[in-house]
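User: Please give me a close look at one pocket of this model, and then follow the chain outward to whatever else is worth knowing.

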Amino acid sequence: MSEFGLKIKNIKAGTLFGNNQGVRERFDFTDAMFSNSLFSDWIKEHGLNIWNDTSTRDIICLDFDFGSRSYEEEITHLRKQFKGYEEDASLTKESKERIKQIFENVQANKDNYLKMSKDEIRELFYENGIDVTYRTKYSKKNEEKVQKINYKMLYRNSSKAKIGQVMFINSKLYKKAYDWLTMGLGDKMPIDDAKIVEMSAYAPLTTSTIVGKFHCPVEDILILKDHDSFFKTMAKIVSAEEYTDYERVLDEEATEAARQKAIKEKKFLKDGITPKYTRRYKTIPVIKKKCVVHDEETEVKNTLFDGEMLAESSILPSWVNGMALLREHFFKACAIRCEIQLFLKDWCNEHGYDYETYEVKDMFGISHKLKDIKMITTDNAIKWKKFMNLMGKTPADAYKYWCDRVNADGSYWGIVKTDHPSKLGNVQQMSYQMVNTLPSYKDNILPCCYVNEIRELAKKSVDYVESMKVDNGIYVDYLRKNANVVNHYEMLADLYNWNNEFAKSTWFRFEKRKIINQYVNKLRTGKITINGDNLTIFGNPYALLMKAVGENPDDDPTFKHEDGVIQVYTKRFDDGEYLCGIRNPHNSPNNICYLHNHYDDRFKRYFNISNNIMFVNCIHTDIQDRANGCDFDSDFFFVTNNDVMVQSAKIAYQKYPTIVNKLKESGLTYKNTLKEYARMDNKFAKSRIGIGESSNLAQLAMTYYWTEPTMELYDNFVILSVLAQVIIDGCKREYEVDALDEIKRIKRMECMNRYREYVDEDGNTKKQKIDFPEFMRYTRKISYTKNGKELEKEEVMQQVDKLNNRISSYYICPMNALQIVMNEIKPISSKNSTPTKDFIIKVSGDANRRQMDKIIGYAKELELLSKDNMSDDDIIAYTQRFDEILKDLRKMKIKNPKTMSRLIEIALNTSNRGKAKEYIRYTRNLLNLLYNMDKDAFLQNFRKNYTNSEKKLV
């Protein structure tokens with residue numbers, strides 16, 4: 001069994017629909033993982049069919065990312081794709097026949113084509129389930145085994161919902177799996193006003209990927225009512241108000257009239273397809289709600305222990321550092337390693353109680369002996385409280401119902417993650433949102449950080465680049481740290497270690513120049529490194545110990561209120577240090593936290609934590625609203641003591657009031673039907689684009705504000721800061737304002753649309769949109785695929801040109817200041833290099849042409865898979881194919897040394913043969929394949945030492 005889980009198929013739902021309709025030969029899929037979880041442990045013991053201990057067909061993941069075409073649309077698409085193919089002289093007779101056959105197949109299946117949107121396909125699959133037919137061919141016997149499995153929708157977790165993916169299960173396993181996941185509550189929900197939003201969010205908690213688990217009797221957990229603390233402060237209040245919007249909708253009556261006119265006038269495309277221009281639209285008024293901002297002194301609320309838990313240190317596995325994010329049935333909490341029993345013994349001794357017999361009551365009125373308490377948490381961790389009316393007549397009945405379910409599976413708690421230090425050591429990467437929201441703390445005319453401050457902020461990163469340029473040891477160390485399957489860094493590092501003089505070769509110098517330039521471009525996106533780390537946050541944990549024994553959490557002695565700053569405790573920084581803290585999503589200076597590190601002996605005595613944890617004071621502060629709605633179920637802060645960041649945080653706390661979200665949760669309700677689940681998930685899936693859009697749009701508003709401050713722009717980035725959180729929470733709750741509609745409204749505002757006028761060749765005055773600042777040349781993503789297919793290079797370049805045309809150097813902001821600093825880094829010189837061929841050992845003999853062609857073919861294939869700014873999915877696809885190719889090539893023995901030697905010559909273009917030049921674009925992939933096939937044999941083709949005085953290789 002894989003240490004990560006079982007391999008499953010991630011199927012494109014649109015292609016599966018077409019395959020079942022008979023209009024596609026196959027459905028598209030990629031390999032995915034049914035990860036190890038409490039649910040996977042259970043289902044493996046209750047009927048899951050596992051093949052070869054590595055994979056299963058009983059679970060599939062469906063990706064609802066596009067729909068299906070009608071017959072008319074398919075014909076139109078093919079005509080566009082193969083326009084003029086019959087007269088195309090570059091096509092062979094066989095190619096033309098193949099294209100003709102495609103048209104004939106479409107025509108033959110005309111009645112099977114059915115236009116459906118991805119939303120409609122989701123509804124169909126949710127309501128009716130879906131059949132998947134697997135065909136396994138046995139080449140030796142020339143036989144085909146066919147297996148058909150019917151699946152039903154089982155669950156989606158919050159991360160899957162954001163990318164439109166859902167897990168389906170073999171219908172034979174559905175009933176018992178659904179009962180287990182929902183604790184039997186799914187079938188108890190009423191049809192009307194059903195809490196399917198909450199059920200969809202909390203039932204799949206046991207499906208979260210875990211890295212381990214431990215045992216703790218559920219009765220040994222003390223569950224308390226959480227505690228709120230209030231603080232009065234000036235704030236930016238975001239609320240909702242009605243407004244009239246205008247929407248363009250299809251005018252069905254006018255469209256039908258236009259269609260009839262087209263028919264009468266015989267305005268058809270080929271095969272009787274009515275042209276799209278017959279569609280007619282009308283504009284109608286619609287009452288909507290939008291966000292508005294006003295300043296007001298208000299009382300903000302912190303929920304002290306929202307999502308956190310204290311766990312007795314002795315029950316956690318030894319490999320858990322300071323915290324463990326836990327999962328169980330309808331339960332989610334982040335546990336701190338704590339000496340609970342030591343505290344309880346100390347408390348009993350101090351107050352004269354008998355530790356062996358003293359009892360406290362939980363929120364359900366049930367007594368627990370102090371000596372039995374292993375974990376302490378609050379009602380915010382128990383998500384089943386939303387369904388207590390289905391679990392018994394009283395809260396105590398509901399508690400017993402939950403305990404019985406947990407005990408039935410052995411009372412094990414899944415660990416989703418634990419804390420760990422930064423992979424980068426004592427430094428951590430920033431993001432462009434962090435950089436671009438920094439207010440100035442110097443006497444600049446502009447309100448934002450400018451070049452000198454940004455130069456100071458980026459100094460560590462710039463110094464690192466300069467050191468790589470002159471010190472190959474540092475450069476090679478960078479290669480080692482950043483090596484992966486997609487790049488060729490490990491190979492370059494080994495070539496350098498094989499012969500340090502190889503660093504002088506033309507090719508090595510060329511690659512070094514390119515790799516350092518790529519790193520500089522990464523820095524241009526805001527990913528500069530500064531002293532700091534991501535620290536998991538917890539609210540007043542000592543106060544939770546106090547609450548457990550009946551004391552008032554407001555009297556927590558470990559923190560004190562300070563005006564203009566929030567006290568925290570972390571071992572990562574020194575006692576008394578002032579710090580800057582930022583949590584994602586982060587879109588405005590109003591979200592920057594100014595912190596003061598405060599040590600207390602009680603933290604050291606009762607909390608066995610690592611350097612990657614930070615306690616924050618929630619009593620009489622605005623920390624949760626300031627950090628954009630943070631809680632304590634594993635949220636983390638980017639924390640630094642960098643002087644630029646700390647000084648900017650101080651100014652931000654003084655001049656940019658905390659944003660308070662006063663948007664109400666909507667009264668939208670759902671029925672307990674599969675169609676309603678589909679409607680809800682379609683709504684959530686659409687919101688995925690909003691997270692990135694809200695962030696990018698906020699930084700546009702931020703940039704315009706830094707350049708020319710206006711209250712309208714200020715309000716925009718404040719609203720977008722709230723919308724980012726609304727979208728993230730969208731899988732658990734809905735609000736009165738539609739976040740995507742709000743993003744569209746803000747996009748249309750005059751202050752967000754920037755143009756320049758120019759005169760074209762004909763003397764006409766036109767407008768050109770110039771709404772992007774210089775830094776977005778590096779932060780805006782270019783699409784390489786559409787509807788699951790790779791775009792042509794020409795289409796990609798059109799996107800690049802379109803982006804460049806919208807960029808203006810007019811805007812002033814911290815991220816543009818960073819571009820100025822990066823421009824000061826000069827590229828390394830490529831002069832006085834040694835020809836690469838001088839380092840390659842000549843091998844005589846004839847190469848194996850068949851083997852060469854095969855390896856070159858694989859290198860070409862990998863080149864097509866690799867691209868700039870590869871997404872996680874791109875990297876996974878590349879890695880999977882690379883492993884498959886390497887497995888195949890390692891079976892192939894290269895007995896003739898000339899074969900590898902010749903391939904190296906071709907890749908590096910060191911021979912005088914003209915044909916080798918055509919393979920230069922595959923150099924990295926070709927060399928990387930040869931290197932990974934047999935590292936020793938590969939290196940033997942390069943000379944080991946180079947003596948300058950002799951001017952030759954020895």
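Analyst: Let's start with what the walls are made of: the lining of the second largest pocket has 13 nonpolar, 15 polar and nine charged residues (nonpolar is Ala, Val, Leu, Ile, Met, Phe, Trp, Tyr, Cys and Pro; charged is Asp, Glu, Lys and Arg; the others, Gly among them, are polar). Keep in mind that this is a predicted model, where local features need pLDDT of at least 70 and side-chain atom pairs need 80 or more, while totals for chains, interfaces and linings use all residues. Numbering runs from 1 along each chain as its sequence is written, and side-chain values use heavy atoms, with hydrogens and water left out.

In total, 37 residues line the second largest pocket (a pocket is an open set of points on a 1 Å grid where a 1.4 Å probe fits, with protein on both sides within 12 Å along at least five of seven lines; lining residues have an atom within 4 Å of a point). Ser422, Lys423, Leu424, Gln428 and Gln429 are the ones that lie nearest its centre. Plenty of elements chip in: β17 (412-418), β18 (427-429), α12 (432-436), α14 (459-470), α15 (472-481), α17 (506-524), β19 (529-539) and β24 (636-640) each supply at least two lining residues (these are DSSP runs numbered from the N terminus: helices are H or I with at least four residues, strands E with at least two). β19 gives the largest share, with four residues.

One residue of helix α14 deserves a stop, and that's Lys459. Lys459 counts as partly exposed because its relative accessibility is 48% (under 20% is buried, over 50% exposed, partly exposed in between, with a 1.4 Å probe and protein chains only). Its C-alpha atom sits 9.0 Å from that of Thr529, although the two are 70 residues apart along the chain.

Now for the strands elsewhere. β10, β9 and β25 make an open three-stranded sheet in the order β10-β9-β25, with mixed pairing (two strands pair if DSSP finds at least two bridges between them). Its edges are β10 (281-303) and β25 (658-661), each of which pairs on one side only. Strand β9 (residues 228-250) runs parallel to β25, and four bridges join the two. Across that pairing, Ala235 stands opposite Thr658 in β25.

There's also a hairpin, formed by β26 and β27 with five residues between them. β26 (residues 755-759) and β27 (residues 765-769) pair antiparallel over five bridges. Tyr755 has Lys769 in β27 as its bridge partner, and in the turn Gly763 has a positive phi of about 85°.

Toward the start of the numbering is helix α1 (residues 13-21), which is largely enclosed by the rest of the structure because seven of its nine residues are buried. Those are Ala13, Gly14, Thr15, Leu16, Phe17, Gly18 and Asn19. Gly22, just after α1, takes a positive phi of about 90°.

Last, the cysteines: the disulfide count is zero (a disulfide needs two cysteine sulfur atoms within 2.5 Å). For Cys216 the nearest cysteine sulfur, that of Cys403, is 11 Å away, and Cys216 counts as buried because its relative accessibility is 1%. Cys813 is in no disulfide either, with the sulfur of Cys448 nearest at 6.8 Å. Cys813 is buried too, with a relative accessible area of 0%.
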